[in-house]
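Biologist: Can you walk me through this model? Keep it simple, please.

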Amino acid sequence: LFEKSWGVMSTLPSAAKEAWKKIDVYSKNAVVYLDAPALELLHWAGGISLVSSYHYILDLFAADTDTMRDLGGLPVVIVVCDVLSAGHRSKMSTILSKLQPHECHVFCSTLDVVNARSVADAHLTSYAELNSLIKKWINRKDAVKVTVQHVSLFHASICSGLFITPSCCKLQPLIPSDLEMINTLAAMNENEDGVYNADNLNKLTFDLLPQLMQERITLFVTGLSSLLNQLEMNEDLFSFGPTSRLIANRLTSLEQSRDRQKSAANKCSLILVDRSLDFVAATTQGCQTLADKILGLLPHLPQHSIDVAVDMTLLTDTVDRQVLTPGSLAQRYSDHKGKMLLNSLITMKPKEALMEVSRALLDALKAEKILAQQKPGRMASAQVKTFIELFKGHPEAMCSQLGVLQLACAALEALDHNGNHHRDKMFATEKVLVNSVGGNSPSPIKLLTEMISREQTDSDENLDMKMNIADVICLAIHLYCLFGKGCSSGISEDMRFQGALEDLALREHVQLMRQLGLEGSVTFDTVRKWAVEIMTRLRSLAMMRHEMKQFKSLHKTGATGAVYHPIMIQLLEAMFSPHRPDLTDLPDLTDLQYHAEGLTSRLKATFSLFMSSALPRPASNDCIIIFVVGGITSAEVRQIRETVAKHNANDKQVLIGSTSLLTPLDSVLNFCNRHL
């Protein structure tokens, strides 16, 4: 199913490319400024080959006045994948006042109607207002051509049927402990009705959210709506989790969505899912795919939320990777072999994927007539290195097979990485803690606290192999999410774990503590305040599924301990089960909420509560889009695809989307830095 290039799956890459064609019309010999998400989207859409007519491409927020000296008079194009805020105004003012171009075109991924409605917030700007400001900043005596227009720049097509939205990577689903901050901020900005005290995430409304959260949801909703327009999709909309509910309600209120419902020819089921319902897969140190290992161990490319920097020194005689431009996972638009191989890294087991890398390299060597014949062996890792090195001294072959070579170098670098030993140790620790459930064993959190204490007093263990505080928090998130209240036997064990966390934090590197959200200098008081907040969030995470009716549990207890049962797989099994009743009967889909769009659908949804009128079912459409708000792992992508195939749903097109591709460290940083 997932190797087929038909229907919506084949449309995703071309839809990502389409926006750059529109921008290209205005960009010939122009100075083009892109914000970080726009740069990342260009990278995944095909890179520099798409924009060869541009005079310069610069980072909007990293541009300095020295760079601008020789660019005066050239046309300026600015691409913003965000709401038009005061920060954007300030940067544009600096650039345009300095360059004084005769022509300026601004492209924004957020719809103008949204910016216009938000002008009351003072720091946001409508298209019309920005147009007037640009003319003031340029201040030329001759006529200046200025346009501000919308462009659908939202998704990066990673591989067949998988897309990511870099501009929304900071959108994180809410957890119950966020309510206190939300209520405090809402009370400070009390509305006319005086309603600002929500005691439940499911009772929250959009207007009660902090302004930053509103902007992030707005950015996501308008981008998603634009993508559905490009795909000509009329969606049956479902939400799974409180934040997804808020997003779905916002999507149905968009005028663009209502217009699409009337005209779009294709039907799909769009299911929005909160990452916070299940952090278990996002915090495991076990690598179920080779892509998990690559993303978890290799450094990110600068300004990128998805792609990594790949060491390409195997193809040269140099040993200093700093003198070489790094490789990446993103493939050229026309490189179908590279895209198929990336798909294998994301969706296959590590050993199978490595064999695919070896086969792809062998095919490339034969195609370039570097190697006549060679059978792929079982020692794939050593063979991959040998095959890569055979390309040395063949620059034309390197250019022709660059996509496959970059992925092969990435796989080999990840497999040989020094961090593998630490991850293996952490995965072994994770399994011990998970398998401790049941019988007379201590609770998982008590066992983790004892492990921290023993490790800190063990002077013989290699420092690099010891757990740092990020590792401990990762394990704690994993356990509290998996076992809920059963993670500890009570408040006393929680407090002892908090004490161990404080002791560890006081010994930790200051830089890591800053990354984990500690404010101010590292003192007993600041660490205590930070640890209390972390514990509050952990206990909150344990309550995340408390009000669910069917999907309360993420594990089954077996003979050897707990067996993880992912919530997404539970949902898919309920959707595709042949014995599953209609959505209106709901004994197994009560936690999945349907959102009606338009008067007819809303009347149908209302009367279905009293009559036998059936609502749409999530598996009834030929196209199903599953979007996880807050990030997804490549292992989960593989699990979703396997579950669809297991239930013989090969007649369905299943697209998977998310705000980011997660690693365990990403999950920890997102958890510790919850800026609402």
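Modeller: We'll go from the whole chain to some helices and cysteines.

Modeller: This is a predicted model, where local features need pLDDT of at least 70, side-chain atom pairs count only at pLDDT 80 or more, and totals for chains, interfaces and linings use all residues. Residues are numbered from 1 along each chain as its sequence is written, and side-chain values use heavy atoms, leaving out hydrogens and water.

Biologist: How many helices and strands are in the chain?

Modeller: The chain has 26 helices and 14 strands. Both are DSSP runs, numbered from the N terminus: helices are H or I with at least four residues, strands are E with at least two.

Biologist: And what share of the residues is buried?

Modeller: Buried residues make up 56% of the 676 in the chain. Buried means under 20% relative accessible area, exposed means over 50%, and partly exposed is in between (1.4 Å probe, protein chains only).

Biologist: Let's take helix H20. Why does its length make sense?

Modeller: H20 has 17 residues, 491-507, so at 1.5 Å a residue it should span 24 Å. The expected span is 1.5 Å times one less than the number of residues. The end C-alpha atoms of H20 are 25 Å apart, which agrees.

Biologist: What do the buried residues of H20 pack against?

Modeller: They pack against helices H18 (444-457), H19 (469-483), H21 (510-515) and H22 (524-542). Contact means heavy atoms within 4.5 Å. The buried residues of H20 include Phe497, Leu501 and Leu504.

Biologist: H19 again. At what angle does H17 pack with H19?

Modeller: About 30°, with the axes of H17 (residues 419-435) and H19 11 Å apart. Axes are lines fitted to C-alpha atoms, for helices over the stretch in contact, and angles run from 0 to 180 degrees between N-to-C directions. Among the residues that meet there are Met426 and Leu433 in H17, and Leu475 and Leu479 in H19.

Biologist: What about valine 432 in H17? Which residues does valine 432 touch?

Modeller: Valine 432 touches Leu447 and Met451, not counting residues up to four places away in sequence. Valine 432 is partly exposed, because its relative accessible area is 43%.

Biologist: New topic. How many disulfides does the structure hold?

Modeller: It holds 0 disulfides. A disulfide is a covalent bond between the sulfur atoms of two cysteines. Here, the sulfur atoms must be within 2.5 Å.

Biologist: Why is there no bond for cysteine 268?

Modeller: The closest cysteine sulfur, in cysteine 623, is 5.2 Å from the sulfur of cysteine 268, so it is too far for a bond.

Biologist: Is cysteine 268 buried or exposed?

Modeller: Cysteine 268 counts as buried, at 0% relative accessibility. Cysteine 623 is buried too, at 3% relative accessible area.
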